[in-house]
Amino acid sequence: MLGYLSDHLLYIPFVALNVWIIYKVIKIFVYQRDDDKDDDEDDDGGITIGDPDLDLPPGVSLPTEPQEVVMH
């Protein structure tokens, strides 16, 4: 085996590259399986039901009457 490796030196980086690629592919599949656990089970698209909490400064409120939009 050592004779083969000394005659073919490019074999060592080739094997190392293949091991690294296999490691990356396995790592992607493992993390992809973990990401599926965070999916929204309600199938509502992430939309919360209810009014949003607005962080308005003191003295500022939402308009009570709708304004007309003027197109120029």
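This short report walks through the overall fold, a nonpolar surface patch and an aromatic pair in a predicted model.

## The overall picture

Let's start with the whole chain. The protein is built with two helices and zero strands. Of its 72 residues, 1% count as buried. The surface that the protein exposes comes to about 7700 Å², and carbon and sulfur atoms supply 61% of that area.

## A nonpolar patch on the surface

Which residues make the nonpolar surface patch? They are M1, Y4, Y11, F14, V15 and V19, and together they form a patch of about 630 Å². Helix 2, which covers residues 11-35, gives the most to this patch, with four residues.

At the start of the chain, M1 lies in the segment before helix 1 (2-7). Is M1 buried or exposed? M1 has a relative accessible area of 71%, so it counts as exposed, because the exposed class begins over 50%.

## The aromatic pair

Two of the patch residues, Y4 and Y11, are worth a second look. The structure holds one aromatic pair. Y4 and Y11 form this pair, with 5.6 Å from centre to centre and 80 degrees between the planes. That angle makes the pair edge-to-face, because planes over 60 degrees apart fall in that class.

How accessible are the two tyrosines? Y4 has 42% relative accessibility, so it counts as partly exposed. Y11, at 35% relative accessibility, is also partly exposed. Both values clear the patch cut-off, because patch residues need over 30% relative accessible area. If you have the structure open, Y4 and Y11 are handy residues to display together, as they belong to the nonpolar patch and also form the edge-to-face pair.

Notes: Residues numbered from 1 in each chain as written. Predicted model: local features only at pLDDT ≥ 70, side-chain atom pairs only at ≥ 80, totals over all residues. Heavy atoms only, no water. Patch = residues over 30% accessible without salt bridge, like charges linked within 9 Å, V, L, I, M, F, W, Y side chains within 5 Å. Areas by Shrake-Rupley, 256 points an atom, 1.4 Å probe, with all protein chains shown as cover. Salt bridge = Lys/Arg side-chain N within 4 Å of Asp/Glu carboxyl O. Buried < 20%, exposed > 50% of the residue type's maximum accessible area, 1.4 Å probe, protein only. Phe/Tyr/Trp six-rings, centres within 6.5 Å; stacked < 30°, edge-to-face > 60°.
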